[in-house]
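Visitor: I've got a new model open and some time to look around. Can you walk me through it?
Guide: Sure, here it is.
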Amino acid sequence: MTVTPDLLAHAAFRAVNSVVGPFTKRGIGAPPVVGVGTVTVATTGRRSGRAREVPLAAARVGDTVVVSTVRPNSEWVRNLESDPTTTIWLDGCARQAEASVQRMPGLTVATLRVNR
C-alpha cells in the first residue's frame with residue numbers, strides 16, 4: 001500500500017473527529033444563536049447507505065448553519081450533495097435540516113437550514 005498525502009490527511013481527520021465528535025454532539029463548543037462554534041453533521045453514505053457523522057466548525061445565524069471545507073473531495077460534502085436531508089447536532093440536540101452545497105474555487109460551503 002502506498003501512503004499518499006491524501007491518505008495521511010484522511011487518517012488524521014478521522015483520528016481528530018473520533019475525539020472531537022462526542023463533545024460536539026453534547027453541545028460543547030456549539031455556536032450560539034449568532035456566532036461560531038462546532039456542530040456534528042450526519043449524512044447518509046451515497047454508495048453504502050450507512051450513517052456517517054462528522055464534527056465541523058460552523059457559523060450560525062438563528063436556524064441557518066454554514067459549514068465549509070477547503071478539501072473539495074470531502075466525503076461528507078459529496079454525501080450532502082447526493083442526499084441533502086440531514087441531521088445536525090446543535091446545543092446537544094439532534095435536529096433535522098436541509099442542506100445546499102455551493103462549490104467555489106478553493107472552497108466548498110454547505111448551508112444547513114434547520115427544520116422547526
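Guide: Start with T111, bearing in mind that this is a predicted model. Leaving aside residues up to four places away in sequence, T111 touches T64, V65, V66, E98, A99, S100 and Q102.
Visitor: Where does T111 sit?
Guide: T111 is in strand β6.
Visitor: Buried or exposed?
Guide: T111 is buried, because its relative accessible area is 12%, and the cut-off for buried is under 20%.
Visitor: Which residue stands opposite T111?
Guide: V66 does. β3 and β6 pair in the antiparallel sense, over six bridges.
Visitor: And how do the side chains point along β3?
Guide: They alternate. V65, V67 and T69 point to one face and are buried. T64, V66 and S68 point to the other face and are not buried.
Visitor: Why would they alternate?
Guide: Because side chains in a regular strand alternate between the two faces of the sheet.
Visitor: What about β2 and β3?
Guide: They run antiparallel, joined by four bridges. R60 has V65 in β3 as its bridge partner. The two strands form a hairpin with two residues between them. In that turn, G62 has a positive phi of about 60°.
Visitor: What does the hairpin of β4 and β5 look like?
Guide: There are two residues between the strands, and D91 takes a positive phi near 55°. Six bridges join β4 to β5, which run antiparallel. L90 is paired with C93 in β5.
Visitor: And β5 with β6?
Guide: Antiparallel, with eight bridges. Q102 has V109 in β6 as its bridge partner. This hairpin has two residues between its strands, and G106 in the turn has a positive phi of about 80°.
Visitor: Switching topic. Which residues touch the most other members of the largest nonpolar core?
Guide: V39, V65, V67, W76 and I88, out of 17 residues in that core. The elements giving two or more residues to this core are β1 (34–44), β2 (51–61), β3 (64–69), α2 (75–82), β4 (85–90), β5 (93–104) and β6 (107–114).
Visitor: Is there a general rule behind that kind of grouping, and what is it?
Guide: In soluble globular proteins, nonpolar side chains tend to be buried together.
Visitor: Back to V39. What does it touch?
Guide: Not counting residues up to four places away in sequence, V39 touches T24, P31, V54, P55, L56, A58, V67, I88, W89 and L90.
Visitor: Now pockets. What's the volume of the largest one?
Guide: About 1,100 Å³. It is lined by 32 residues. H10, N17, V54, E75 and W76 lie nearest the centre of the pocket.
Visitor: Which element gives the largest share of that lining?
Guide: α1, with nine residues. α1 (5–25), β1, β2, β3 and α2 each supply at least two.
Visitor: How does the lining divide by residue type?
Guide: Ten nonpolar, 13 polar and nine charged.
Visitor: You named E75 there. What about R46 and E75?
Guide: They are 29 residues apart along the chain, and their C-alpha atoms are separated by 9.0 Å. R46 lies in the loop between β1 and β2. R46 touches E75, R78, N79 and S82, again not counting residues up to four places away in sequence.
Visitor: How accessible is R46?
Guide: R46 is partly exposed, with a relative accessible area of 27%.

Notes
Residues numbered from 1 in each chain as written. Predicted model: local features only at pLDDT ≥ 70, side-chain atom pairs only at ≥ 80, totals over all residues. Heavy atoms only, no water. Core = buried A, V, L, I, M, F, W, Y, C linked by side-chain atoms within 4.5 Å. Buried < 20%, exposed > 50% of the residue type's maximum accessible area, 1.4 Å probe, protein only. Contact = heavy atoms within 4.5 Å. Pairing = 2+ DSSP bridges. 1 Å grid on protein atoms, 1.4 Å probe; cavity = no way out; pocket = protein on both sides within 12 Å on 5 of 7 lines; lining within 4 Å. Points joined across faces, edges and corners; volume = space filled by probe spheres on them. Nonpolar A, V, L, I, M, F, W, Y, C, P; charged D, E, K, R; others polar.
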